[in-house]
Amino acid sequence: MLYGIALGSNLGSRLENLQRGVALLLERLPAKVTAQAPVYETAPVDCGPEAESFLNSVIEIETALEPHELHSHLKRIENDLGRPEKRGRNAPRTLDLDILYAGGLQIADEILTIPHPRLHERRFVLQPLADIRPNLVLPGRSQKVGDLLNALPPNSEVNRVSETILGSEVIWSWE
């Protein structure tokens, strides 16, 4: 199944945190990265005044894991890279990994909501996602990702800082 995963970091070596998160994902899971978006520096959204800028990106992976199983692995990777399990909402973080979509599935339970519930409102997710999947129509939506991005108010606080997370256009896979 194809999954879109958003990555974000606003503590420490932000780009290194994103790279290490993807590396751990590929080390631990039977998955391959099929697409990776550029990395953007973005202003914090719904965070406290002390929050630093984020680096954000999106990868698409292919794996046979079920959504809840993947989610559990992603939370473990966040924890292993220093994100506390108990934390305030939108607290600064070394790494944030969110499942944006899982094929054409829709899930809404106490653990997981797919597609991500605020994805369509957030430029810091839509911009990198539109770079790799502009024509994707998310389950429960009628507009393409590129059209959702274009419908947002202009914002100059999303700046491309790197072409890719992994430093190459090569498709990476778990071995």
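Let us start with a word you will need all along the tour: a residue is buried when its relative accessible area is under 20%, exposed when that area is over 50%, and partly exposed in between, using a 1.4 Å probe and protein chains only. By that rule, 47% of the 175 residues of the protein count as buried.

The model is predicted, with local features needing pLDDT of at least 70 and side-chain atom pairs counting only at pLDDT 80 or more, while totals for chains, interfaces and linings use all residues. Residues are numbered from 1 along each chain as its sequence is written, and side-chain values use heavy atoms, leaving out hydrogens and water.

**Stop 1: the whole chain**

Turn on the cartoon view. You should find 4 helices and 8 strands. These are DSSP runs numbered from the N terminus, with helices being H or I runs of at least four residues and strands being E runs of at least two. Follow the chain from the N terminus and the elements come in the order β-α-β-β-β-α-β-β-β-α-α-β.

Now think about contacts, meaning heavy atoms within 4.5 Å. Among contacts in the protein with a separation of 6 or more, 71% are between residues 24 or more positions apart.

**Stop 2: strand β4 and its partners**

Select residues 54-63, which form β4. This strand is mostly covered, with 9 of its 10 residues buried. Which strands pair with it? Two strands pair if DSSP finds at least two bridges between them. β1 joins β4 through 8 bridges, and the two run antiparallel. To see one of these positions, show Y3, whose bridge partner in β4 is I61. β2 also runs antiparallel to β4, with 5 bridges between them; look for Q36 standing opposite I59. Finally, β3 pairs with β4 in the antiparallel sense over 3 bridges.

Stay on β4 and select N56. Is N56 buried or exposed? Because its relative accessible area is 5%, N56 is buried. Its bridge partner is Y40. Show side chains and you will find N56 making a polar contact with the side chain of T42, at 2.6 Å. A polar contact is a pair of N or O atoms within 3.5 Å; within protein, one must be able to donate a hydrogen and the other to accept it, and residues adjacent in sequence count only if both atoms are side-chain atoms. Leaving aside neighbours within four places in sequence, the residues in contact with N56 include L7, G8, P38 and F124.

**Stop 3: helix α1**

Next, select residues 14-28, helix α1. The expected span of a helix is 1.5 Å times one less than its number of residues. For the 15 residues of α1 this gives 21 Å, and the end C-alpha atoms are 21 Å apart, which agrees.

Colour N17, L18, G21, V22, L24, L25 and L26: these are the buried residues of α1. Their cover includes β1, β2, β3, β4 and α2. For a contrast, pick E16, also in α1, which counts as exposed because its relative accessibility is 54%. Its C-alpha atom is 10.0 Å from that of L95, although 79 residues separate the two along the chain.

**Stop 4: the nonpolar cores**

A nonpolar core is a set of buried Ala, Val, Leu, Ile, Met, Phe, Trp, Tyr and Cys residues joined through side-chain atoms within 4.5 Å. The largest has 28 residues, and I5, L25, I59, I61 and L70 have the most contacts inside it. Which element gives the most to this core? That is α1, with 5 residues. Zoom in on L25: leaving aside neighbours within four places in sequence, L25 is in contact with I5, A31, I61, L74 and I77. A second, separate core of 19 residues includes A6, V58, F124 and A130.

**Stop 5: helix α2**

Select residues 67-80, helix α2. Its buried residues are P67, L70, H71, H73, L74, I77 and E78. Look down the helix axis: these buried residues fall within an arc of 165 degrees, so they line one face of the helix. The arc is that of the directions from the helix axis to the C-beta atoms. Among the elements covering them are β1, α1, β4 and β5.

**Stop 6: two backbone details**

Most residues other than glycine have a negative phi, and most peptide bonds are trans. After α2 comes G82, with a positive phi near 100 degrees. Then move to P115, in the loop between β7 and α3. A cis peptide bond joins I114 and P115, with omega about -5 degrees.
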